[in-house]
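Thanks, everyone. Let me put the chain up and walk you through its charged pairs, its ligand contacts and its cysteines.

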Amino acid sequence: MSEVIDWHARAKGLSIEGRAFIGGRYLPALSGATFDCLNPATGRSLGAIAACEQADVDVAVARARATFEAGHWSRMAPRERKKRLLAFGDLMERHIEELALLETLDMGKPIRDSLAVDLPLSIQCIRWYAEAIDKVYDEIAPTAASAISLIRREPLGVVAAVVPWNFPLLMAAWKLGPILAAGNSVVLKPAEQSSLTAIRIAALSAEAGIPDGVFNVVPGLGEAAGRALGLHMDVDAVAFTGSTEVGKLFLQYSGQSNMKRVGLECGGKTPNIILADAPDLDAAATAAAWGIYYNQGEVCNAGSRMIVEASVKDQVVEKVMAVGKAMKQGDPLDPATELGAMVDATQTERVMRYIEQGQTEGATLRLGGKRVQSEGCFIEPTLFDDVTSRMIIAQEEIFGPVLATITAKDLDEAIRIGNDTKYGLAAAVWTRDINKAFKASSALRAGVVWVNCFDHGDISSPFGGFKQSGFGRDKSLHALEKYTELKATWINLAS
Ligand code: NAD
């Protein structure tokens, strides 16, 4: 029988590392400044995090650059990089419970999700790129016989990874896997709300034999450490996941500095279209509920707009509400908890303002809408009906457990509403008609379209946005394109 873990007891014995990791060592910020790391479920401090700024970023980038130029990692045989990245994945697995606990304490998600979703997917991601990198071949162009053109992918150099707080480790892993496999050095800046797992895995990377200076972590505030990386003249690329607003700033930073490459994985307002001929309406409604309430709605591709064909709308709404009501909300360290705490007080207040906004705009609040009375940051699963596409709650990314239900008369109207957004990260359609499914998947402007499911995926399948959800892809071999330069070597052959 598997051991029942007392997560509260484990949390008491946990040691929290909050320093930066630069050149293979943990270091305080040069200024000595720190900020508090708060547990959103209790409001209590978990420890102090180094508040890195420009000066720390300068040191980290210089170390990353020196290691890159020395070739310890960048020119290491791909098979050897693979070996060490696999060792890194193994160490993460050995520390899976500790890392899951850090993730849950830091950002409030249920421990069952950290343990069953975030950690296994992060480990799988590191292993997948490790396994891939010694199987990726370069090309020879079909030139005339008088020359050979070798087309090779070279690592970029120093890549900054700036990531959000909703899936702190997984979003970092989606960057780290391909960045490191391709031979780059990396400076990772976690979100200030969720620095702990990034800081912890840095030591594991060193233990796995990844050379000092290859993998650096600079925790700190966005406007300080994030901005310094964006504007740095010696950073070759930024791999960003976060809001569209900050994504746009990174484009500006690039233009103001060295034209560094920028990959952007930004916000979303995913339409989940449920047609009357869905193969199983109950399954569609259940998936719709999980698609918005999972991770407290703090998911970039959350199905925040449910667009339902009129004839089945009431039936679907009833079922979604029943699933939402049945979800167990509360202490993230309780393994039975399905809905944890919002990441912090600021995000909680932001979501509550949107709930008020929905009521002011005339949408019908059918479920939830309130803060759960506790010391922490909890919001009930919430459902609005009678939403129209132009309402603010149908347009802006709420990033909380708030579903907007919009009624459509047929597929064409559903597609029009689905595309009526500045975002284009993901979309879904439920129908048993292959023609309708294909029509919708072609017409919906989104990086991924799910048919008869929601939020399915695999590390082998690319993920990323159209429109203001960004550009460039995480996951799959396509991610390597963001972290490599294409070089043609033209060899003239003597005749
Ligand atoms: P955010 O944009 O506020 O922060 C993201 C990162 O940018 C953090 O590390 C933050 O410190 C940094 N940052 C903030 N201000 C900055 C500035 N002025 N200059 C430089 N860096 C700065 O996003 P968030 O609130 O942490 O995360 C939520 C957002 O992330 C949502 O919009 C969500 O949709 C998006 N997201 C997208 C994906 C995707 O794959 N497309 C995945 C997860 C989350």
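K313 counts as buried, because its relative accessibility is 10%. Keep in mind that this is a predicted model. Which residue does the K313 side chain meet in a salt bridge? It is D385, at 2.9 Å from N to O. The two come from distant parts of the chain. D385 sits in strand 15, residues 382-385. K313 sits in helix 11, residues 313-326. They are 72 residues apart. And is D385 buried or exposed? It is buried, with a relative accessible area of 2%. The pair also belongs to a wider set. K313, D314, E318, R366 and D385 are linked in a network of salt bridges.

On to the other salt bridges. The structure holds 31 of them. General point: side chains of opposite charge can pair when their charged atoms come close.

Take R10 and E97. Their closest N and O atoms are 2.9 Å apart. R10 lies in helix 1, residues 7-12, and E97 in helix 4, residues 96-107, so this pair ties together parts that are 87 residues apart in sequence. R10 is partly exposed, at 30% relative accessibility. E97 is partly exposed too, at 29%.

Now E69 and R65. This is also a salt bridge, with the closest N and O atoms 3.5 Å apart. Where do these two residues lie? Both are in helix 2, residues 54-70. They are 4 residues apart, about one turn of the helix. Their surroundings differ: E69 is partly exposed at 47% relative accessibility, while R65 is buried at 14%.

Next, the ligand. How many residues surround the ligand? The number is 30. The closest are E192, S243, Y253, C266 and E397. Some contacts come from the backbone. V163 has a backbone N or O atom 2.8 Å from an oxygen atom of the ligand. G222 places a polar backbone atom 3.3 Å from a ligand nitrogen. For G242, a backbone N or O atom lies 3.4 Å from an oxygen atom of the ligand. As for cover, the ligand on its own has 850 Å² of accessible area, and the protein covers 91% of that.

Cysteines, then. A disulfide is a covalent bond between the sulfur atoms of two cysteines. How many does the structure hold? The count is 0. C37 is one of the unpaired ones: the nearest cysteine sulfur, in C377, is 13 Å away. C37 counts as buried, because its relative accessibility is 4%. Why is C453 not bonded to C300? C300 has the closest cysteine sulfur, but it is 16 Å from the sulfur of C453, too far for a bond. The cut-off here is 2.5 Å between the sulfur atoms. C453 is buried as well, with a relative accessible area of 14%.

Last stop, the surface. Four residues form a nonpolar patch there: I140, I148, I491 and L493. Together they have about 310 Å² of accessible area. I140 belongs to strand 5, residues 139-140. Is I140 buried or exposed? It counts as exposed, because its relative accessibility is 59%.

To recap the pair we started with: D385 at 2% and K313 at 10% both count as buried, and their side chains meet at 2.9 Å. Questions, please.

How values were computed. Residues are numbered from 1 along each chain as its sequence is written. This is a predicted model: local features need pLDDT of at least 70, side-chain atom pairs count only at pLDDT 80 or more; totals for chains, interfaces and linings use all residues. Side-chain values use heavy atoms; hydrogens and water are left out. Patches are made of residues with over 30% relative accessible area and no salt bridge: like charges are joined within 9 Å, nonpolar side chains (Val, Leu, Ile, Met, Phe, Trp, Tyr) within 5 Å. Accessible areas come from the Shrake-Rupley method with a 1.4 Å probe; for residues, only the protein chains shown count as cover. Buried means under 20% relative accessible area, exposed over 50%, partly exposed in between (1.4 Å probe, protein chains only). A residue is near a molecule or strand if one of its heavy atoms lies within 4 Å of it. A polar contact is a pair of N or O atoms within 3.5 Å; within protein, one must be able to donate a hydrogen and the other to accept it, and residues adjacent in sequence count only if both atoms are side-chain atoms.
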